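Grab your viewer and a coffee: here are a few short exercises to work through. Try each task yourself before you read its solution.

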Amino acid sequence: MFKQLTLFLLIFSGILSSQVISEELIKSHLFALSSDLMEGRKAGTIGIEKAAIYIEKEFERIGLGWFGGMNSYRQNFEERGLSLFNIVGYLEGKSKKNEIVVISAHYDHLGIKKGGDEEDVIFNGANDNASGVTAVLALAEHFSNQNNNERSLLFVAFTAEEMGLLGSNYFGKQINSKNIIAGINIEMIGKESPFGPKTAWITGFDRSDFGRIIQQNLIGSDYKVFPDPYVNFNLFFRSDNASLAKLGVPSHTFSTSPMDKDLDYHKVSDEAKTLDLFTISETIKAIAAGVKSIISGADSPTRVSISEN
Ligand SMILES: [Zn+2]
């Protein structure tokens, strides 16, 4: 009787957890974060404050805690005369709480176009990077519901990426990088990848065995990840993963972006309605499955060593 009940609960909770990453939830995060109300989420503006409040409310609803000595989700700092902050939510590990996996995306974007005479002057940044923040929120809810992460998880929305990785650089200075087992950064997952449906690419693929661990964990699924095809764009160093990678952390960015032919990139036309919800939700599910063995402690990716480039 009890065995049957346990089995029933296991199956039931399995179904529930996969329902967490639903297109409906993803759509609501994506449209909220890229709405005109957020005014393009430029770091240091009122618009980004609205996005921050949205993320904090979600972290609270999901049940994330504050990290270390922090007394809120906000990690405040001053730079370039601006008051800036990352948003950090913590899910303590069951048996390896001092081993931390960071799951991140930048939540800032370019703000409002100056001197534009077009009707639309707001850089909504739906793909860049409301889609990544949507992934962080959905993954936070997924792993919180799963309630079986052996390692601790830090869900981080980085600020001021567009100003030169300011938020992630500050974050890197505040933590002991030796405790960070891996960095999972997510950027622009709203358009179908150049490799086709149900695929993504990972930056810095050969700099650690992180990518190969993900590929291994996705065997048997119909989703595939590939090395970054845009080697000449130097993307490994152009997103927040780089701030942790410079400290030796195997920290990589997932993306589906068709970088060479995305006409909305850094344009006011980067709006939620141009994105593909199927690509976003399948990619988030694939990341959840792909990083499983890293979160359980079964796999620890090799460290990264960087001289500069
Ligand atoms: Zn970006």
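## Contacts and overall build

**Exercise 1.** Work out what share of the contacts in the protein chain with a separation of 6 or more comes from residues 24 or more positions apart.

*Solution.* Take the contacts in the protein chain with a separation of 6 or more; residues 24 or more positions apart account for 81% of them. Keep in mind that you're working on a predicted model.

**Exercise 2.** Count the helices and strands, then test the protein chain against the globule rule.

*Solution.* Start with the count: nine helices and eight strands. Next, the radius of gyration comes out at 18 Å, and the globule rule gives 19 Å for 309 residues. Those values are close, so the chain is as compact as a globular protein of that length. For the extents, the C-alpha trace spans about 70 × 40 × 40 Å along its principal axes. Finally, check burial: 50% of the 309 residues count as buried.

## The sheet

**Exercise 3.** Write down the strand order of the open sheet, and explain why β1 and β7 each have one side without a neighbour in it.

*Solution.* The eight strands run in the order β1-β2-β4-β3-β5-β8-β6-β7, and the pairing is mixed. Now look at the edges: β1 (74-79) and β7 have a single partner strand each, so one side of each lacks a neighbour in the sheet. As for the twist, neighbouring strands are turned by 25° against each other on average, direction ignored.

**Exercise 4.** Find the sense in which β6 and β7 pair, then determine the handedness of the crossover between them.

*Solution.* Strand β6 (residues 199-202) pairs with strand β7 (residues 224-227) in the parallel sense, over four bridges. Within that pairing, Ala 200 sits opposite Val 225 of β7. To get from β6 to β7, the chain goes through helix α6 (residues 210-217), and this β-α-β crossover is right-handed.

## Val 101 and the core

**Exercise 5.** Place Val 101 in its strand pairing, list its contacts beyond four places in sequence, and see how it figures in the largest nonpolar core.

*Solution.* Begin with the strands: β3 (residues 96-106) and β5 (residues 180-186) are parallel partners over five bridges. The bridge partner of Val 101 in β5 is Ala 182. Leaving aside neighbours within four places in sequence, Val 101 is in contact with Arg 151, Leu 153, Ile 181, Ala 182, Ile 184, Ile 294 and Ile 295. Now zoom out to the largest nonpolar core, which has 82 residues: Val 101, Val 136 and Leu 139 touch the most other members. Helix α4 (residues 126-146) gives the most to this core, namely ten residues.

Notes
Residues numbered from 1 in each chain as written. Predicted model: local features only at pLDDT ≥ 70, side-chain atom pairs only at ≥ 80, totals over all residues. Pairing = 2+ DSSP bridges. Helix = DSSP H or I, 4+ residues; strand = E, 2+ residues; numbered from the N terminus. Right-handed = clockwise from strand over helix to strand, strands pointing away. Core = buried A, V, L, I, M, F, W, Y, C linked by C-beta atoms within 7 Å. Buried ≥ 20, exposed ≤ 12 C-beta atoms within 10 Å, placed from the backbone. Contact = placed C-beta atoms within 7 Å. Axes fitted to C-alpha atoms, helices over the stretch in contact; angles between N-to-C directions. Rg over C-alpha atoms; globule rule 2.2 N^0.38 Å.
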